[in-house]
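Colleague: I should be grateful for a close look at a single part of this model. Please concentrate on the nonpolar core and describe what surrounds it.

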Amino acid sequence: MPTAAEPLLQVRDLRTWFLTDSGPVRAVDGVSFDVHAGETLGVVGESGSGKSVCAKSIMRLLDEPARIVGGSILFKGRDLAHLDDEGIREVRGREIAMVFQDPMTSLNPVLRIARQLIEAMTAHGRFTAAAARSRAIDLLRRMGVASADRTVNSFPHQFSGGMRQRVMLAMGFSNEPSLLIADEPTTALDVTIQAQILDLLRGLNRDLGTAVILISHDLGVIANICSRVLVMYAGEVVEEGAPEELLTDPRHPYTWALLHAAPRIDAQAEDRRLITIEGQPPDPRAWPSGCRFRARCPFAVEKCAEHPELLPVAAGRAARCWVTQEGGSLHTPERARPVVAAPVDATPAAPILEVSGLQKHFPLPKEAFFERQRVLRAVDGVDLQVFAGETVGLVGESGCGKSTLARLVTRLHEPTDGKIVFAGTDITHASLSAIRPLRRRMQMIFQDPYASLNPRMTIGEILAGPLILHGIAGDAAAARTRVAELLDLVGLPGQSVTRYPYEFSGGQRQRISIARALAVGPDFVVADEPISALDVNIQAQIINLMVDLQERLGLTYLFIAHDLAVVRHVCDRIAVLYLGKIMEVGPAASLFARPLHPYTRTLISAAPVPDPRVERTRRHVPMKGEPPSALNPPSGCRFRTRCPIAEERCTREEPPLLEAAPGQRVACHFPGRLT
Amino acid sequence: MSDIALPAIASPRTRWLRRYGLASFGAVIILAWIFAAIFAPWLTRYDPNFVDVAARLQPPSASHWLGTDALGRDVATRVIYGARVSLTVGMVVVLVGALFGTLLGASAAYARGWAEEGLMRLTDLVFCFPPIILAMAIAAALGIGTVNTVIAMLVVWWPKFARLSRSLVISQRSMEYVEAAQSIGFGPAHILLRQIIPNAIGPLVVLVTLDLGNAILVFAGLSFLGLGTVPPTPEWGSMVGEGRELVQQWWVATFPGLAILTVVMAFNFMGDGFRDWLDPHANRR
């Protein structure tokens with residue numbers, strides 16, 4: 001970006017290391033970049049690439065043992081890397097503000113919103129308390145907080161995640177900083193709320209001229225807002241450029257890999273396998289001497305044994321790669337064309353799982369003795385069929401009941417009402433011992449690879465447990481053989497048997513979790529957000545593994561996810577859940593080609609596409625507000641409070657789930673009206 | 001990069017000593033006391049209950065290292081033999097209390113509902129009284145004697161383990177590995193005993209260790225008040241009690257008191273060491 005003016009922020013050869021007892025962890029290792037006034041710079045990279053540490057170095061929010069051991073951070077004529085504590089406090093909050101990932105912990109829970117906002121402004125002596133108060137209300141209003149003059153007196157716990165992030169943004173902008181650093185500001189939010197926050201951030205940047213550094217792992221988010229992108233890998237910047245070019249014609253193989261590992265919402269692939277790169281990022285205690293990406297790079301040449309510099313590859317672009325610096329290009333694999341929705345063939349077989357009128361209500365503890373019992377309607381009347389061999393996706397925002405539904409189907413919870421028939425057996429209220437034999441056919445994969453494996457058991461014990469319980473392996477030797485087979489099936493080395501879960505990475509743990517589910521030889525697997533805790537490339541590896549296993553073992557999946565692109569990519573049929581009810585269900589292809597329910601339509605439009613040119617042509621349907629509470633769902637159609645086409649009828653009549661197109665059923669009075 | 005000054009990295013030995021030095025010191029003291037308790041007859045040539053009125057209230061000397069008490073019994077010998085009672089009682093009270101309390105608290109937490117509610121109200125009831133007063137009242141009702149005192153102490157001891165194990169099990173219960181075990185088909189007993197409790201054992205071990213000193217102290221206190229062991233059994237608390245009016249003959253009460261002090265402190269050092277060792281945050285550096 002050639003600008004005549006001096007850059008606002010100049011980071012030169014920044015090195016931030018964690019000086020641990022076992023040697024320095026070189027988290028940020030020679031990073032240089034500029035931020036110009038009013039610019040939006042995106043920083044992408046997988047976890048451990050050093051992007052957050054980089055941001056914290058600029059704010060000097062480093063805790064022991066992290067330390068800036070080299071380089072400079074020039075900001076308005078000052079070197080932040082060498083400023084004393086008092087000097088950096090002057091800069092923090094006033095000239096550079098930061099918004100963090102987790103809106104649940106970044107506000108002080110015992111102080112009112114007003115007080116936190118006012119203190120942020122009066123701390124730098126720029127406002128009196130009274131002026132700060134009226135400004136706080138103005139700011140909240142600007143951030144899209146409804147009836148700001150009242151809500152300013154709330155406590156943080158009374159706000160949802162999206163609202164708290166708005167408060168954080170208000171606090172960030174309260175002193176009119178010239179730079180805002182947003183570290184994964186939308187990662188913890190639902191896709192519709194993410195779209196709202198990104199819109200807000202874009203508007204603030206445009207109206208106030210504040211420069212923004214946006215850190216994200218999601219290329220779609222970056223493509224949406226940023227005018228320039230940095231890609232980080234192994235503590236270095238590996239590529240830099242405008243998103244239009246960088247995301248369509250990557251010049252570093254790592255960018256290339258990131259781009260192709262994530263399924264896209266705007267394209268249906270013919271093959272469900274994604275392009276992945278092997279292995280994992282190198283150890284930050286001992287970076288390899290040559291190119292740090294070399295061991296995983298599909299394009300590596302001899303010269304890559306030498307460490308490449310970040311050099312220009314085109315106008316306004318730079319890459320740290322020998323191949324592209326010498327004029328080589330990274331071939332783009334053929335993206336499959338979106339296919340026209342294939343006609344759904346008549347369903348011949350009986351469904352393996354049939355759920356009808358399913359409800360799960362959780363009674364909440366009373367707040368007062370004479371209060372009426374409050375009930376959380378997590379799942380509130382769901383009908384769903386799953387046929388053998390297919391993959392059914394379950395999508396929806398957090399709190400829509402998709403995880404509860406998964407736990408009802410696998411009978412970890414007992415339903416309040418309704419019926420679950422699995423493989424011809426009614427298991428709605430089956431006892432523990434009655435359902436045990438069926439568990440051999442029905443298994444579950446969990447979301448959090450760090451919590452779903454018992455940390456005190458070896459991998460061998462974890463995998464042998466189900467075999468012994470169900471009498472699958474007669475003796476210890478048979479169990480050992482079967483465990484070795486399972487490890488091989490999910491692509492883990494045989495010596496993993498004696499190791500403990502903490503010795504494995506997130507992706508490897510998810511493989512173990514899959515192996516455990518497959519140990520008993522099930523034909524139906526419920527996967528509850530199996531990839532949402534993983535990095536993009538690891539996500540792709542796990543998707544590929546699940547697709548492979550489905551083909552080899554003939555599995556049926558109930559796949560729960562909040563990422564629509566992933567669901568579109570792997571599922572045959574999709575059910576969209578909202579506040580415990582199915583809004584729309586149908587074949588993946590037709591659901592995405594022609595969503596009939598306004599909720600489906602807004603969800604799809606809210607998911608960002610990692611290509612600014614495509615993004616500009618997409619029609620965005622903004623969704624109003626936040627999901628209502630499942631304690632007290634709206635009358636009539638549950639979606640009406642956020643629906644752009646709701647009419648009076650929707651408040652009175654609850655629309656039934658009816659077939660509106662072949663195989664596609666919708667619960668809406670006006671199917672297909674919102675386009 | 002040679003211009004970057006890195007701070008000196010402490011050698012592994014220094015680091016280990018900094019973290020576990022006190023704890024190992026505590027362990028050495030405890031081992032020494034256990035050794036003394038087991039091999040007491042070989043460590044002293046006196047009988048702890050041999051009364052020699054002619055040699056009463058002798059100050060420390062070459063023949064009686066820690067002097068003699070009002071009945072002419074060798075204080076050193078009685079302190080060494082006293083370790084037998086104190087250590088045994090401490091361990092029995094804490095281990096039995098911990099086992100009982102943990103199983104009860106853990107099962108209640110896993111079952112939820114009225115079982116949990118009832119158990120917690122029962123612990124509240126015990127917590128209503130100052131522990132030593134309640135133990136005194138029960139011990140007095142049961143009659144004086146070591147076994148009765150142990151029973152009295154157990155009544156006040158188990159609730160803290162029930163409470164701790166309950167909260168530990170509740171936090172583990174929501175972990176996905178528990179749901180995974182349920183979805184495989186394991187029953188509640190297996191999940192609780194084989195999966196959850198091994199993950200909750202860390203804080204319980206810390207509490208047990210820290211509590212051993214506490215139990216010894218309470219028992220010594222009860223004995224001091226005349227409720228614990230029956231004379232002439234050598235016991236530190238009752239020895240301090242016997243010497244409490246002998247201001248001139250300071251050695252009669254001081255040495256058993258020092259014995260209590262060292263054991264309690266040693267157990268506390270060990271408990272702190274366990275806590276550091278089990279704390280994942282402290283482990284990182």
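Modeller: This is a predicted model, and I shall begin with the largest nonpolar core. That core holds 277 residues, and the members that touch the most others are A:Ile213, A:Leu558, A:Phe559, A:Val576 and B:Met153. Its largest share comes from helix α8 of chain B, residues 188-224, which supplies 18 residues. Within chain A, domain 1 (353-441 + 522-666) and domain 2 (455-521) both give residues to this core, so the core lies between them.

A:Val576 merits a separate description. Leaving aside residues up to four places away in sequence, A:Val576 touches A:Val395 and A:Gly396, then A:Ile582, A:Met583 and A:Glu584, and finally A:His597, A:Tyr599, A:Thr600 and A:Leu603.

Chain B, to which helix α8 belongs, has eleven helices and zero strands. Of its 285 residues, 44% count as buried. Among the contacts in chain B that join residues at least 6 apart in sequence, 68% link residues at least 24 apart. The C-alpha atoms of chain B fill a box of roughly 75 × 70 × 30 Å along the principal axes.

Chain A, by contrast, offers a sheet to describe. Four strands form an open sheet in the order β14-β13-β16-β17, with antiparallel pairing. Its edge strands are β14 (375-386) and β17 (425-426), each of which pairs on one side only. Strand β16 (residues 417-422) of chain A is joined to β17(A) by two bridges, and these strands run antiparallel. A:Phe422 has A:Thr425, in β17(A), as its bridge partner.

Technical notes. Residues numbered from 1 in each chain as written. Chains lettered and ligands numbered in written order. Predicted model: local features only at pLDDT ≥ 70, side-chain atom pairs only at ≥ 80, totals over all residues. Pairing = 2+ DSSP bridges. Buried ≥ 20, exposed ≤ 12 C-beta atoms within 10 Å, placed from the backbone. Contact = placed C-beta atoms within 7 Å. Core = buried A, V, L, I, M, F, W, Y, C linked by C-beta atoms within 7 Å. Domains from an automatic or database assignment.
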